Amino acid sequence: MEGLVSFRATAGVPFYGVPSLMHRPAKSSICRLLPIAAMDLHAKERKLSVSCIRAQQDWELGMYQDEVAASQGIRIRRRPPTGPPLHYVGPFEFRLQNEGNTPRNILEEIVWHKEKEVFRLKEKQDLVVLRKALQNASETRDFVGALKAAHERTGLPGLIAEVKKASPSRGILREDFDPVEIAQAYEKGGAACLSVLTDEKYFKGSFDNLEAIRRAGVKCPLLCKEFIVDAWQIYYARVKGADAILLIAAVLPDLDIRYMIKICKMLGLAALVEVHDEREMDRVLGIEGVELIGINNRNLETFEVDISNTKKLLLGERGQLIRQKDIIVVGESGLFTPDDIAYVQEAGVKAVLVGESIVKQSDPGKGIAGLFGKDISL
Ligand SMILES: O=P(O)(O)OC[C@@H](O)[C@@H](O)c1c[nH]c2ccccc12
């Protein structure tokens, strides 16, 4: 169905949407960060700026970000393409809604929304401000170390327990949602780390939740569960108390993942790189510095959940390479029972990321014992 989605006065400045994002494909987010990164005076960061300049040259070979992404098999477009030319009717131009400028699935919709959200946030608090705030930030906690320690202690996969109020696929999971209470219950129940959703529109999460949990004295390292499309968000997550961030391979081209991982190392954050299929796994296995790979059993484009996905992606040479590289694999989504945990452990994961099945329990801490079939608290 065709329809009018945006219009503007012919002679004036556009008054609807964020035209710079909507109408013109931009280049890598990292490159957009460059002018500020290049101002940096610290030796460590200066080294990064040099690599960023090299990255910028790569991007400048003539391909736009979405073209680079498509060449790597990434189906999620970062921004709406331009669509058909504007039409003129009287004093207005208008654009026809078509397949090209309508998101094709929920992940694409989330990412398009996120780009605009980040654009606005950056205007309020630019990188220079964030970097100042970082000077007073406390040390990060060892996310990967906590997972390994829990695995060694219990002989079971280390648990990343997710503080999750809602999701686009499941709706509201818990009405009486007190993020700090849930986080404390998870910690008491034996979680190694916590994942805190910060996306407001689609998951009813917030950065306030992340900050509140950190301030409440929870000791578990915290994963900021966000849709990262711009390196600025990594700094923001760090300022708000994260110890780790998520990078989704279905959204980010290899070059972005590579440099975002470098930024994480510089800031003392762990990066959980999420894959969903073999192609994404192979891309990520080719990226230097990856320590933590999450296999999502939920397809973020269709919402289908299948825990055999974890097993499929760890078979044969891929599993071997992962063991050689000493990468920790996290089994993500759709885990409800001790049998599910045993199944993904057998497949080779040393950690799991669980939300729905434990957040829905009246005592989420006891929910953990139910999930593992035994009490895993100290
Ligand atoms: O609630 P579940 O099915 O246990 O899933 C948790 C977690 O894996 C899921 O929330 C998740 C995995 N990857 C994501 C990326 C974005 C948002 C959410 C997610």
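This report describes the surroundings of the ligand and a group of aromatic rings in a predicted model.

**The ligand and its neighbours**

There are 16 residues around the ligand, and of these Glu162, Lys164, Glu274, Ser333 and Gly355 come nearest. Sorted by class, this shell is made up of 5 nonpolar, 4 polar and 7 charged residues. Among the contacts in this region are three that each involve an oxygen atom of the ligand, and they are set out in the table below.

| Residue | Atom of the residue | Distance to an oxygen atom of the ligand |
|---|---|---|
| Ser333 | polar side-chain atom | 2.7 Å |
| Gly355 | backbone N or O atom | 2.8 Å |
| Glu356 | polar backbone atom | 2.8 Å |

The ligand taken alone exposes 440 Å², and the protein buries 98% of that area.

**The aromatic rings**

Elsewhere in the description, the topic turns to rings, and the structure holds 3 aromatic pairs. In one of them, the ring centres of Trp232 and Tyr236 are 4.8 Å apart and the ring planes meet at 20°, so this pair counts as stacked, given that planes under 30 degrees apart are classed in that way. Both Trp232 and Tyr236 belong to helix 10, which covers residues 232-239, and they are 4 residues apart, or about one turn of the helix.

Are these two residues buried or exposed? Trp232 is buried, because its relative accessible area is 2%, and Tyr236 is also buried, because its relative accessible area is 10%; the cut-off for buried is under 20%. Ring pairs also bring in Phe207, which is linked with Trp232 and Tyr236 into a cluster.

Terms used:
Residues numbered from 1 in each chain as written. Predicted model: local features only at pLDDT ≥ 70, side-chain atom pairs only at ≥ 80, totals over all residues. Heavy atoms only, no water. Near = heavy atom within 4 Å. Polar contact = N/O pair within 3.5 Å; in protein donor to acceptor, adjacent residues only side chain to side chain. Areas by Shrake-Rupley, 256 points an atom, 1.4 Å probe, with all protein chains shown as cover. Nonpolar A, V, L, I, M, F, W, Y, C, P; charged D, E, K, R; others polar. Phe/Tyr/Trp six-rings, centres within 6.5 Å; stacked < 30°, edge-to-face > 60°. Helix = DSSP H or I, 4+ residues; strand = E, 2+ residues; numbered from the N terminus. Buried < 20%, exposed > 50% of the residue type's maximum accessible area, 1.4 Å probe, protein only.
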